[in-house]
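Open your viewer and keep the selection box handy. We will go from one stop to the next, with a note on what to look for at each.

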Amino acid sequence: MNFSKPENARLVNRLKVLNALRDGGGLSRAQLAKALRINKVSMGEIVQDLVAEGAVLEGDKQDVSVGRPGTSLSFNEAHATIVGVDIGTRVISTSLFTLLGKTIRMERHPSADFKSADDYAAAIDASLRKFTSFTPAPIIGMCIAINADISPEGRISTSFITPLDGEEDFASRFSSYGFPVVLASALKCAAEAERFYFQTTLEDMLFVNWGEHLSSALILRDRIIPSMSFAHMPMLNRNVCHCGSVGCLETVAGGFGLQCESQREFGQVATGREMMKDEEKYRKLLMQACEALAKALVFAVCSTGAKAVLVGGGLSNLGDEYFAYMLDTFTKSAPLPLRDVPIYRSYYKEKGTVQGAGLMAAEDFFFRKNLLLSLEEA
């Protein structure tokens, strides 16, 4: 970005104001100018424009003992809306959010109903038509989260969603919309949701998405680095993984692996959700999954240098007994310097992907906080 151009510097200052008010309102123009190191004249112009657009609201005059009272400002999250879509292996969820990620409306459909990319696009389109008639606030962007590898150009290379596997032009199906649409991996979206919830406290943290499939990402201050190799650590020499290897972590600890193990143990396939409903029957398999995941986390923390671990996804809903067993196994297996690395349970759990898709749309098309963080680092 060329900062010799006044319009670019003004854009950055505008983003600073929006993000400051998103993190907490009640500040006056003068307080914002001082905190963000923007001159008062420029601040007045920026706030004037934002108020005129409806993105910022003016409140009451502040009570001050000295000087002229300022008007408190707050961010108007209802100024516009964003859409998050989670195309999962079992369910497709489409949600309409405020700019701060509060759900306005959600629709869910079983993935078994969809046989082609056209079916998925039609379902998303139908939901959007309902959303636009439900709220007068404009939609400014949409993010579609897919359990897939997404190229830098936004194309699907490989996906667990069979009808979308190799579907390189899926995003083009939404090109006629009056707002931008971006594709993102489900892992990155789930990590984005956690980063937004924890704000600045979530740095150098390893995020593990523990669902039907396993994946991980390292959450840094200004970016998320996804890794699909976590799921394929060698663990037990049985069960063929979808990658073609035998004994990957995913075949033991993920929902896919639990289905294989239940077939081996009981002669019938059970999902992770079904196992959680019948804990007595499947307790051994669930404990085995927790133990394998804990040992894999030891290797992951050693290799990444993560200062903490956050476990999300559907299987993070397991009861406290299982989570405590996983923590205990990690402590006993980790080298002494790493035994105190904290392991937390996700705030969003299985809802993190669709929530993160909405928040990623807000980030990409409105707040652009990652840009500000990158500029600070530079």
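**Starting at a ring**

Select F266: at 33% relative accessibility, F266 counts as partly exposed (buried is under 20%, exposed over 50%, partly exposed in between, with a 1.4 Å probe and protein chains only). This is a predicted model, where local features need pLDDT of at least 70, side-chain atom pairs count only at pLDDT 80 or more, and totals for chains, interfaces and linings use all residues. Residues are numbered from 1 along each chain as its sequence is written, and side-chain values use heavy atoms, leaving out hydrogens and water.

Now add Y282, which is buried at 4% relative accessible area. The ring centres of F266 and Y282 are 5.2 Å apart with planes at 80°, so the pair is edge-to-face (centres within 6.5 Å; planes under 30 degrees apart are stacked, over 60 edge-to-face, the rest tilted). F266 belongs to helix α7 and Y282 to helix α9, 16 residues apart (helices are DSSP runs of H or I, at least four residues; strands are runs of E, at least two; both are numbered from the N terminus).

Next, select Y177 and F179. This pair is tilted, at 5.4 Å centre to centre and 55° between the planes. Y177 is buried at 19%, and F179 is buried at 15%. Add F170 and F174 to see the aromatic cluster that these four form.

For the last stop, show R345 and F323: R345 lies over the ring face, 4.4 Å from the ring centre (CZ of Arg or NZ of Lys within 6 Å of the centre and within 35 degrees of the ring normal). Likewise, the charged end of R22 sits over F367, 4.0 Å from its ring centre.

Technical notes:
Rings of Phe, Tyr and Trp (its six-membered ring) pair if their centres lie within 6.5 Å; planes under 30 degrees apart count as stacked, over 60 as edge-to-face and the rest as tilted.
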